[in-house]
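Here is my note on the structure you sent, set out as numbered points. I suggest reading it with the sequence and the 3D view open.

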Amino acid sequence: MGEFEPGALVPHMRLDELLSELRVRLEAVLATRDRVHALLDAVVSVGGELDLETVLRRIVETAISLVDATYGALGLIGEENTLVRFVPVGLSEEEIAGIEHWPHGLGLIGLLIRQPQSLRLARICDHPESHGFPHGHPPMGSFLGVPIRVREEVFGNLYLTEKRGGGEFDDEDEAIVTALATAAGVAIENARLYEESRRREMWLQASAEVTTSLLSGAEPGEVLTLIARRARRMAGADLVTVLLPEEGGQVLRAVVADGPGGEQAAHAETPVADSLAGLAFTSGEPLMVTDSAEAGILTVIAGRVSPGTVAAVPIGAAGGVRGVLLLGKHPGCVPFSQAELRTLHSFAGQAAVALELAERRVDAERLSLLEDRDRIAKDLHDVVIQRLFAVAMTLMGTARFVERSEASERLRNAIDELDGTIRQIRSTIFALQAPLQEGGRGLRAQIVELVEDARAHLGFMPGLMMEGPLDSGVPERVAEHLLAALREALSNIVRHARASRAEVTVEIEGDRLVLTVVDDGAGVPGGCRRSGLRNLKERAERLGGSFSVESSPEAGTRLIWSASLT
């Protein structure tokens with residue numbers, strides 16, 4: 001029994017081998033079970049999100065965890081097989097900032113876009129389609145690419161690199177990522193549909209808000225600001241400007257801007273010819289460039305050429321474009337999608353219709369106001385002035401029979417007051433019959449504003465008399481010189497006259513406009529500079545008029561300035 005028995009050792013060795021193989025198989029089964037459970041958990045996790053950005057990032061994070069990769073990314077494919085979104089995972093903020101540029105859809109990424117099928121590589125650089133990495137990109141070796149599709153439609157591709165431990169991705173890795181990609185496609189489609197429904201809801205709300213604001217009487221500037229703000233929110237733009245045509249439609253000028261740096265966009269101009277905004281304005285179709293330098297077309301945002309993505313959306317349809325919405329994104333941001341451009345175009349079209357309706361409402365209100373003013377002017381002329389004139393004539397006839405000088409003097413004063421009242425009413429009639437000016441900035445309003453401004457400097461309110469159709473009968477060029485002459489005359493009273501009373505009269509006498517300014521001050525000093533008076537004389541002579549000034553310490557100063565209206 002103490003001797004060695006070889007036959008007894010063989011069964012024991014065979015049993016150990018079988019047990020070891022069984023353990024390996026059990027471990028493989030357990031590992032497969034764990035990966036299947038992890039895959040199921042991942043499918044549930046990914047499918048439970050509706051925010052597209054969150055869904056994309058979670059898909060990549062889950063894929064990295066399932067196959068033990070170091071880096072991962074998801075490239076979302078847009079229209080015409082372009083790479084519209086790239087979501088990287090596994091890189092730090094510093095590494096991301098150090099990469100020269102994100103993929104443009106070339107190399108292996110472009111290959112997977114053109115040929116959507118799984119691709120495994122031991123080394124990326126060995127593939128003939130590999131173009132290398134941009135400057136600042138970390139080195140990567142092993143590679144696994146799997147397309148994401150639903151019902152034969154390819155949404156994008158999953159890219160996984162650098163298997164941990166230095167190994168390669170195997171068949172099982174490819175199978176499990178392919179299964180995840182199928183679930184990911186459904187999740188992306190659901191998130192896209194949800195995003196589209198939210199975009200439509202935002203568009204409907206914005207359109208209703210703009211229309212309500214316009215039809216409730218809001219100022220056009222306020223509404224344009226609202227349009228820019230809502231468009232920026234809907235499109236996720238960094239800056240939005242509203243450009244309107246000027247100079248006969250040859251130039252587009254920014255009137256409203258929303259977003260960081262919007263103050264720099266105030267009054268920025270871009271030509272209609274050879275600019276992105278100009279092409280959208282003339283064609284009536286939304287346009288976009290992702291790089292203005294490559295496109296060879298001028299794209300102006302905030303008053304300077306923009307290097308990032310720029311979209312120009314016409315406000316209105318072809319043949320009736322009222323302006324342009326110009327939207328910009330910083331370089332490196334995801335370009336606007338065609339769906340976003342279509343939504344913005346529809347929104348801008350609705351805004352254009354609302355602006356048109358608001359203008360028609362304003363025109364109707366102005367017409368109604370003009371009719372009321374015309375009726376009031378006729379009543380004043382046909383009834384009030386005639387009755388006052390009759391009273392004045394009666395008093396003039398009565399004055400001959402009054403013997404007492406005091407009573408006669410009072411009658412003459414009353415007649416003079418009635419005559420002055422008739423002149424004031426006639427001036428009011430002319431004002432009522434004048435066309436409405438935008439913002440109330442007719443000549444009469446500007447004269448009143450100048451006289452009221454002088455009040456604070458003089459310490460008293462100058463008297464003011466205006467007679468004749470000043471708003472409608474004075475050419476703009478003559479009106480500008482009149483206001484300058486009045487400003488100079490009031491300034492002389494403030495600086496030199498030391499007056500306690502002043503009277504300003506502006507009237508039309510035939511074909512001449514006459515300005516008379518009288519004060520009771522000390523007159524024009526003998527040694528003062530007369531450049532201001534010389535300017536007044538030159539202005540009058542340039543307009544075919546005349547200028548005179550009478551001044552004395554006892555009687556004050558009388559300044560008469562006139563210009564021809566023909």
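Which residue follows α6, and what is the sign of its phi? The first point takes this up, and the others move on to confidence, strands and surface.

1. Helix ends. α6 is followed by glycine 236, whose phi is positive, near 65 degrees. The helix itself, covering residues 220-235, holds 16 residues and extends 22 Å from its first C-alpha to its last, close to the 22 Å expected at 1.5 Å a residue. Its buried residues include Val223, Leu224, Ile227, Arg230, Ala231 and Met234, and you may wish to look at Arg230 on that list, given that it stands there beside residues such as Leu226 and Ala228. As general background, an α-helix has 3.6 residues a turn, so residues three or four places apart point the same way.

2. Confidence. Please keep in mind that this is a predicted model, with a mean pLDDT of 77 for the chain and 77% of its residues at 70 or more. Confidence is lowest in helix α8, residues 292-295, where the mean is 48, and highest in strand β16, residues 512-519, where it is 93.

3. Helix α13 and its neighbour in space. The 22 residues of helix α13, numbered 476-497, should span 32 Å at 1.5 Å a residue, and the end C-alpha atoms are 30 Å apart, which agrees. The residue after α13 is arginine 498, and its phi is positive, near 55 degrees. Leucine 536, which belongs to helix α14 (residues 531-542), lies 5.9 Å from alanine 485, C-alpha to C-alpha, although the two are 51 residues apart in sequence. With a relative accessible area of 1%, leucine 536 counts as buried, because that term applies to anything under 20%.

4. Strand β5. Of the 11 residues in strand β5 (residues 153-163), 8 are buried, so the strand is largely enclosed by the rest of the structure. Strand β1, residues 69-77, runs antiparallel to β5 and is joined to it by 7 bridges, with alanine 69 standing opposite lysine 163. Strand β4, residues 143-150, also pairs with β5 in the antiparallel sense, over 8 bridges, and here phenylalanine 143 stands opposite threonine 161.

5. Strand β13. In strand β13 (residues 323-329), 7 of the 7 residues are buried, so this strand too is largely enclosed by the rest of the structure. Gly323, Leu325, Leu327 and Lys329 point one way, while Val324, Leu326 and Gly328 point the other way, and all are buried. Strand β6, residues 239-246, pairs with β13 in the antiparallel sense over 5 bridges, and strand β12, residues 309-315, is joined to β13 by 7 bridges, again antiparallel. Glycine 328 of β13 appears in both pairings, standing opposite leucine 239 and serving as the bridge partner of valine 310.

6. Surface. Which residues make the nonpolar surface patch of about 310 Å²? The patch is made by Phe389, Met393 and Met396. Methionine 396 is located in helix α9, residues 338-399, and has a relative accessible area of 45%, which makes it partly exposed. That value lies in the partly exposed class because buried means under 20% and exposed means over 50%.

Terms used. Residues are numbered from 1 along each chain as its sequence is written. This is a predicted model: local features need pLDDT of at least 70, side-chain atom pairs count only at pLDDT 80 or more; totals for chains, interfaces and linings use all residues. Side-chain values use heavy atoms; hydrogens and water are left out. pLDDT is the predictor's confidence in each residue, from 0 to 100. Helices (H or I, at least four residues) and strands (E, at least two) are DSSP runs, numbered from the N terminus. Patches are made of residues with over 30% relative accessible area and no salt bridge: like charges are joined within 9 Å, nonpolar side chains (Val, Leu, Ile, Met, Phe, Trp, Tyr) within 5 Å. Accessible areas come from the Shrake-Rupley method with a 1.4 Å probe; for residues, only the protein chains shown count as cover. A salt bridge is a side-chain nitrogen of Lys or Arg within 4 Å of a carboxyl oxygen of Asp or Glu. Buried means under 20% relative accessible area, exposed over 50%, partly exposed in between (1.4 Å probe, protein chains only). The expected span of a helix is 1.5 Å times one less than its number of residues. Two strands pair if DSSP finds at least two bridges between them.
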